[in-house]
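Here is a friendly walk through a protein model. Take a look at the sequence and the structure, and then read on.

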Amino acid sequence: MSEYANGSATPLNMMHAAYAFGACVAPLAVLACHKLGGDNGWRLALEISIVLLTASFIFGLFMKMDDDKSTKPGRNPRPTTDSARKAVLAVHSALLFYEAVEASMMGWLTSFYIDSGVLAADAAQIITSLLWVSLLIGRFSCSVIAAKFRPWQMITVMCFGM
C-alpha cells in the first residue's frame with residue numbers, strides 16, 4: 001500500500017480503520033440475524049457472509065491498479081539480503097500477532113461479560129461494538145493527523161497519550 005500511496009501512511013491507516021468498522025458492525029449484524037431468524041439466525045448470518053464474501057471476490061478480480069511500481073527502473077521491491085528478508089518477516093509476523101491478539105481480546109471480553117453475569121449476551125455484543133467504534137475513531141484520527149506530522153512526532157505524541 002505504501003508503494004501505491006507514494007509513501008503516505010493515510011491509505012494504510014484507512015484500510016486498518018475499515019477492519020475496525022467491520023468488527024464493529026459484525027456483532028450488531030449477528031444480533032439482528034438472531035432477532036430475525038430466532039434459533040436459525042445463524043443460517044441467515046452465514047448466508048449474508050457468503051454473499052459478501054462472493055461480492056468481495058468478484059470485485060477484487062476486476063479491480064484495476066493504476067501502476068505497477070515494482071517494474072519501474074531502479075526499484076527493487078523485494079529485499080535482497082537475508083537480514084532484510086528476516087526483518088520483513090519479523091514485521092509481518094508482529095502485525096499478524098497484533099491482529100490476532102486484538103480479535104482474541106475482544107472475543108474474550110464479550111464472553112467474560114456474559115459468563116461473569118455482568119451483562120446479558122445482547123448487551124455484551126453492543127459493548128464490544130462500542131469498543132470497536134472507539135478504535136475506529138482513534139484510527140481515523142491517526143490517519144488524519146499522520147498526514148500533517150512527521151512519523152517521529154506522531155510516535156512521541158502517541159506514546160505520551162497512552
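The number of disulfides in this predicted model is zero, where a disulfide means a pair of cysteine sulfur atoms within 2.5 Å. Two of the cysteines have quite unlike surroundings: Cys 33 is buried at 5% relative accessibility, whereas Cys 159 is exposed at 53%. Here buried means under 20% relative accessible area, exposed means over 50%, and partly exposed lies in between, with a 1.4 Å probe and protein chains only.

Some ground rules help with reading the values: residues are numbered from 1 along each chain as its sequence is written, and side-chain values use heavy atoms, leaving out hydrogens and water. Because the model is predicted, local features need pLDDT of at least 70 and side-chain atom pairs count only at pLDDT 80 or more, while totals for chains, interfaces and linings use all residues.

**The whole chain**

Now step back to the overall picture. The chain has five helices and zero strands, giving the pattern α-α-α-α-α along the sequence. Helices (H or I, at least four residues) and strands (E, at least two) are DSSP runs, numbered from the N terminus. Of the 162 residues, 14% count as buried. The accessible surface is about 12,200 Å², and carbon and sulfur atoms account for 71% of that; such areas come from the Shrake-Rupley method with a 1.4 Å probe, and for residues only the protein chains shown count as cover. Among contacts (heavy atoms within 4.5 Å) between residues at least 6 apart in sequence, 61% join residues at least 24 apart.

**Helix H3**

Helix H3 covers residues 82–116. Its 35 residues should span 51 Å at 1.5 Å a residue, and its end C-alpha atoms are 49 Å apart, which agrees. The expected span is 1.5 Å times one less than the number of residues. Buried residues in H3 are Glu 102, Met 106, Leu 109, Thr 110 and Tyr 113. Phe 112, also found in H3, joins Phe 97, Val 101, Met 105 and Trp 108 in a nonpolar surface patch of about 530 Å². Patches are made of residues with over 30% relative accessible area and no salt bridge, joining like charges within 9 Å and nonpolar side chains (Val, Leu, Ile, Met, Phe, Trp, Tyr) within 5 Å. Just after H3, Gly 117 takes a positive phi of about 80°.

**Links to helix H4**

Gly 107 lies in H3, and its C-alpha is 8.3 Å from that of Thr 128, although the two are 21 residues apart in sequence. Ser 129 sits in helix H4, residues 121–146. Beyond its neighbours within four places in sequence, Ser 129 touches Cys 24, Pro 27 and Leu 28.

What forms a salt bridge with Asp 122? The partner is Lys 35, with the closest N and O atoms 3.5 Å apart. Asp 122 lies in H4 and Lys 35 in helix H1 (residues 10–37), so the pair ties together parts that are 87 residues apart in sequence. A salt bridge is a side-chain nitrogen of Lys or Arg within 4 Å of a carboxyl oxygen of Asp or Glu, and the structure holds one.

The table gathers the accessibility of some residues met above.

| Residue | Relative accessibility | Class |
|---|---|---|
| Phe 112 | 39% | partly exposed |
| Gly 107 | 38% | partly exposed |
| Ser 129 | 3% | buried |
| Asp 122 | 33% | partly exposed |
| Lys 35 | 62% | exposed |
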